[in-house]
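Subject: Structure for you to look at

Hello,

Here is the structure I promised. Please open it alongside this message, and my notes follow below.

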Amino acid sequence: MSLTERGVGMRDQADRLRSLVTGTDTNELAQPISRDTRVISITSGKGGVGKTTLAVNLALAAQMSGLETVIFDADLGLANVDIALGLFPRYNLMHVLQGEKSIKEIICPGPQGVRIIAGGSGWAELANVSQQQLNNFITGLAELDSSADLIIVDTGAGLAHSVLSFLHASSEIIVVTTPEPTAITDAYAVIKLMSQQKDKRIHVVVNRVKNEQDARIVYSKIERTASRFLGTTPSFLGWLPEDSLVTQAIISQQPVLLRCPDSRVAKAIRQLADTLFFSDHADVEPVGVGLRSFFGRLVRFLGG
Ligand SMILES: Nc1ncnc2c1ncn2[C@@H]1O[C@H](COP(=O)(O)OP(=O)(O)OP(=O)(O)O)[C@@H](O)[C@H]1O
Ligand SMILES: [Mg+2]
């Protein structure tokens, strides 16, 4: 089943969530929706472990395999994604919320047709906007829902309220860690918080290792503790090698997947994308798929 075909069965549920959030009948929000968008948030406990690198390159790999992909830069502290891609978005999602711009106007075109949305600061204000503003905003998201297969959200590190709101709102999360003990402990802390939501799919990516064996050693530490204490087991999505090309790519503001497509790290990213989007593993449908459902829940969690 293709990514675009999947999720149709989730529409009723997404509609219910939407009306829960907006307090309106979904008919008032009637917009032609041709498909639901898969939303995957990339996070970590510790900072600097490779979230933005993974988000940008995974998005490119998805786009190059035919999935219409949007990167949402939700790191409210630093403009990570634009720097990684050498872009300068003038507007962000807060301008949409404030009614100054439409979603279409804030989308920044990136390499290979991937699209970028800057989050901007001030997300806490989402909890205080009027019902009308919120309705406009969520209705506006239909434009994206009908044109994107996938949104990759690059969150900040750690357990700040805004980061957790993004994670709570996502039905799928990738937790990035390195072999450093502090990164592993912090990754576990995020997984622990997320494991309270039983419908959530949690994947682990181990970055900056020598080989798959080393990555699996790191993963099994997390997996053992999680299954013992949390009754949940995140899946091992894959690993990325330690490679100085990653740093060089960041300095040149060009994603490594495009700059060095034959490198080990680029191959590992494509492999990860295949597992995530095209393997049997990819076919298990998480609940709450859909961009509007995602933002609807985001608003609720920010307010909560
Ligand atoms: N596989 C890798 N091999 C070598 N260096 C890497 C690798 N992945 C990341 N790095 C290095 O780590 C730095 C941080 O990476 P990145 O910006 O992707 O992390 P982040 O988790 O998004 O950080 P932040 O928490 O600040 O947003 C990069 O500048 C790069 O130098
Ligand atoms: Mg980052």
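Gln-112 sits in the loop that runs between strand S3 (108–109) and strand S4 (115–118). Is Gln-112 buried, partly exposed or exposed? Its relative accessibility is 47%, so Gln-112 counts as partly exposed. In sequence, Gln-112 and Met-64 are 48 residues apart. In space, their C-alpha atoms are 7.0 Å apart. Please keep in mind that this is a predicted model.

Now the ligand site. The shell around ligand 1 holds 17 residues. Which of them come nearest? They are Gly-48, Lys-51, Thr-52, Thr-53 and Asn-207. By type, the shell divides into four nonpolar, eight polar and five charged residues. Three elements each supply at least two residues of this shell: helix H2 (51–64), strand S7 (201–209) and helix H10 (244–251).

The polar contacts to ligand 1 come from both backbone and side chain. Thr-53 uses its side chain: an N or O atom there is 2.6 Å from an oxygen atom of ligand 1. Val-49 uses its backbone, with an N or O atom 3.1 Å from a ligand 1 oxygen. Pro-241 also uses a backbone N or O atom, which lies 2.9 Å from a nitrogen atom of ligand 1. Taken alone, ligand 1 exposes 630 Å², and the protein buries 82% of that.

Next, the metal. Ligand 2 is a magnesium ion. Which residues coordinate the magnesium ion? Thr-52 does so through OG1 and Asn-80 through OD1, at 2.0 to 2.7 Å. This pair links distant parts of the chain. Thr-52 is in helix H2, Asn-80 is in helix H3 (residues 80–85), and the two are 28 residues apart.

Thr-52 deserves a second look. It is among the residues that come nearest to ligand 1, and it also coordinates the magnesium ion. Its relative accessibility is 15%, under the 20% cut-off, so Thr-52 counts as buried. Thr-155 is 103 residues away from Thr-52 along the chain, yet their C-alpha atoms are separated by 8.4 Å.

Asn-57 lies in helix H2 too. Why does Asn-57 count as buried? Because its relative accessible area is 3%, and buried means under 20%. The side chain of Asn-57 reaches the backbone nitrogen of Leu-257 at 3.0 Å.

On to Ser-263, in the loop between helix H11 (256–259) and H12. Ser-263 has 9% relative accessibility, so it counts as buried. Its side chain has two backbone partners to check. A polar atom of the Ser-263 side chain lies 2.7 Å from the backbone oxygen of Cys-260. The Ser-263 side chain also reaches the backbone nitrogen of Ala-266, at 3.2 Å.

That leads into helix H12 (residues 264–278). How many residues does H12 have? It has 15, and it reaches 20 Å from its first C-alpha to its last. That is close to the 21 Å expected at 1.5 Å a residue. Its buried residues are Val-265, Ala-266, Ala-268, Ile-269, Leu-272, Ala-273, Thr-275, Leu-276 and Phe-277. An α-helix has 3.6 residues a turn, so residues three or four places apart point the same way.

Best wishes

Methods: Residues numbered from 1 in each chain as written. Chains lettered and ligands numbered in written order. Predicted model: local features only at pLDDT ≥ 70, side-chain atom pairs only at ≥ 80, totals over all residues. Heavy atoms only, no water. Helix = DSSP H or I, 4+ residues; strand = E, 2+ residues; numbered from the N terminus. Expected span 1.5 Å × (residues − 1). Buried < 20%, exposed > 50% of the residue type's maximum accessible area, 1.4 Å probe, protein only. Near = heavy atom within 4 Å. Polar contact = N/O pair within 3.5 Å; in protein donor to acceptor, adjacent residues only side chain to side chain. Areas by Shrake-Rupley, 256 points an atom, 1.4 Å probe, with all protein chains shown as cover. Nonpolar A, V, L, I, M, F, W, Y, C, P; charged D, E, K, R; others polar. Donors = N, O, S within 2.8 Å, 3.2 Å for Na, K, Ca; no water.
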